[in-house]
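Please take the model below through a short tour, selecting each group of atoms in turn and pausing over what surrounds it.

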Amino acid sequence: MLTVADADQIIAAHGLLHQTETMPFAQARGRVLAETILADRDFPPFDRVAMDGIAIHFDALANGQTTYPILAIQLAGEPGQPLPDPTGCLEVMTGAVLPTGCDTVIRYEDLEINDGIATLTIPAGMTRGQHVHKQGTDRHALDVLLPAGTVLRPVELAVIASVGQTSITVLKRPRVAVISTGDELVDTHQTPLPHQIRQSNAYLLQAALRDLDIDASVHHFTDDIALITSGLSALLVKNDVLVITGGVSAGKADFVPDILNGLGIRRHFHRISQKPGKPLFFGSSTDDQRVVFALPGNPVSATLCFYRYVRPYLQTAMGMVSDPPLYAQLAGPVTFKPPLTYFIPTRLETKADGQLLAFPLPGNGSGDFSNLTAADAFLELPANTTEFPAGTLVKAFSIG
Ligand code: AMP
Ligand code: MG
């Protein structure tokens, strides 16, 4: 059977092609830039006054002058004025153009102003050019401010705003549909009969996709070949990625893999040597433009498979870096005999030295999803090891 590492490689080999779209920059928080943003002019675009105070020519101060008649006021947002007399000063405000003929700003905090005369209270320690943010010292016109591939945080949106680029090209988010299958499932608002349950996986997947800023459509099909076939066929037209739960195991009503095959989805694998989540199916259309993950229906398995395989796949598909793995020390020993990678829900605690400590929560197997509410992550215990003593450092990945 395929190992977890093999599955990772196969999934990585079938990445979606990046497509782009144009959107208003102010709505692009979290998106990945698909173009280069250049400086439209110097940063700052003029010699900018950096403190409220007066602007002088430093030569006057170097000659021992400590009092300066205020000849005019230069506010932010006004065209630059000249200094009419090199022994005088202009009162200047933060963000104003430094008046021509001035090279230095003295803060109000270092001045006393009486009857239109500014007097330096502590003349020592002043330097030429102080409190002037010189034109082009941050960036020059046409410098690259943001390369393509940048994930846009608020600070990047501010930079884009400042160069006047009202619409930008970003990578498209994949269109994703979530599908639950099963005759035993009813929806949340319904009252299940004794042999039925309320379905929960689709809500888990929908919310977990929202964490990636993906608004997935949600669907349910009963275990009916014709219904699943026509439903999936329609969804494959409108979506890039299908995330299905249920119907992929070895049961009599597990029709999904064969149906997908009939719809042109090539099976790249079906079953991984892992517990839980062994029946995971991954396939794609010949051109890799349509990708399907079919997760086993057991809620813990579905959760594990989403966070371990689907979430990183989608992050890569969106041009983002997938979450780096966490490493945690086992707080107690774990024994696991089967030759499978063992994923075990765990609570994580941060010790005083910053090291994560893992408290495994085995629960009652892959149907016990209420157990997950106490968990922060899954531990990934490598296959073919039986004993994991307390203190072993193991890989973990968060479940939100
Ligand atoms: P299956 O993979 O279809 O054989 O389902 C395995 C188990 O998971 C069964 O006990 C199902 O009732 C349960 N199950 C399947 N789909 C869901 C779902 N969407 N929400 C909650 N439980 C589910
Ligand atoms: Mg089923």
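**Ligand 1 and its pocket**

Begin by selecting ligand 1 in this predicted model: the space that ligand 1 takes is the second largest pocket. That pocket, which is calculated on the protein atoms alone, has a volume of about 480 Å³. Of the 32 residues lining the second largest pocket, those closest to its centre are Gly246, Pro296, Gly297, Asn298 and Pro299. If you colour by secondary structure, you will find that the elements giving two or more residues to this lining are strand 13 (176–181), strand 15 (197–198), strand 19 (274–275) and helix 7. Sorted by class, the lining of the second largest pocket comprises 9 nonpolar, 17 polar and 6 charged residues.

Next, narrow the selection to the shell around ligand 1, where 17 residues surround the molecule and the closest are Glu184, Gln199, Ser200, Gly247 and Gly297. By class, this shell holds 4 nonpolar, 11 polar and 2 charged residues.

Which atoms of Gln199 and Ser200 should be shown as sticks beside ligand 1? For Gln199, show the side chain, in which an N or O atom is 3.0 Å from a nitrogen atom of ligand 1; for Ser200, show the backbone, where a polar atom lies 2.9 Å from a nitrogen atom of the ligand. Then turn to Asn298, where a polar backbone atom is 3.1 Å from an oxygen atom of ligand 1. Taken over its whole surface, ligand 1 has 490 Å² of accessible area on its own, and the protein covers 78% of that area.

**The largest pocket**

Now leave the ligand and select the largest pocket, whose volume is about 660 Å³. This pocket is lined by 27 residues, and those closest to its centre are Tyr307, Arg308, Pro312, Ser322 and Asp323. Two or more lining residues come from each of helix 1 (4–12), helix 7 (299–317) and strand 28 (393–398). Helix 7 deserves a selection of its own here, since the largest share of the lining of the largest pocket, 9 residues, comes from this helix. It is worth recalling that helix 7 also gives two or more residues to the lining of the second largest pocket. By class, the lining of the largest pocket has 13 nonpolar, 7 polar and 7 charged residues.

**Backbone stops**

The last selections concern the backbone, and it helps to remember that most residues other than glycine have a negative phi and that most peptide bonds are trans. Select Phe43 and Pro44 to see a cis peptide bond, with omega at about -15 degrees; Pro44 is found in the loop between strand 2 (37–38) and strand 3 (48–49). Another cis peptide bond joins Lys275 and Pro276, with omega at about -5 degrees, and Pro276 is placed in the loop between strand 19 and strand 20 (281–284).

Where, finally, does Leu142 lie? Leu142 is in the loop between strand 10 (132–133) and strand 11 (144–146), and, although it is not a glycine, Leu142 has a positive phi of about 75 degrees.

Conventions. Residues numbered from 1 in each chain as written. Chains lettered and ligands numbered in written order. Predicted model: local features only at pLDDT ≥ 70, side-chain atom pairs only at ≥ 80, totals over all residues. Heavy atoms only, no water. 1 Å grid on protein atoms, 1.4 Å probe; cavity = no way out; pocket = protein on both sides within 12 Å on 5 of 7 lines; lining within 4 Å. Points joined across faces, edges and corners; volume = space filled by probe spheres on them. Helix = DSSP H or I, 4+ residues; strand = E, 2+ residues; numbered from the N terminus. Nonpolar A, V, L, I, M, F, W, Y, C, P; charged D, E, K, R; others polar. Near = heavy atom within 4 Å. Polar contact = N/O pair within 3.5 Å; in protein donor to acceptor, adjacent residues only side chain to side chain. Areas by Shrake-Rupley, 256 points an atom, 1.4 Å probe, with all protein chains shown as cover. Sits in = over half its atoms within 2 Å of the grid points.
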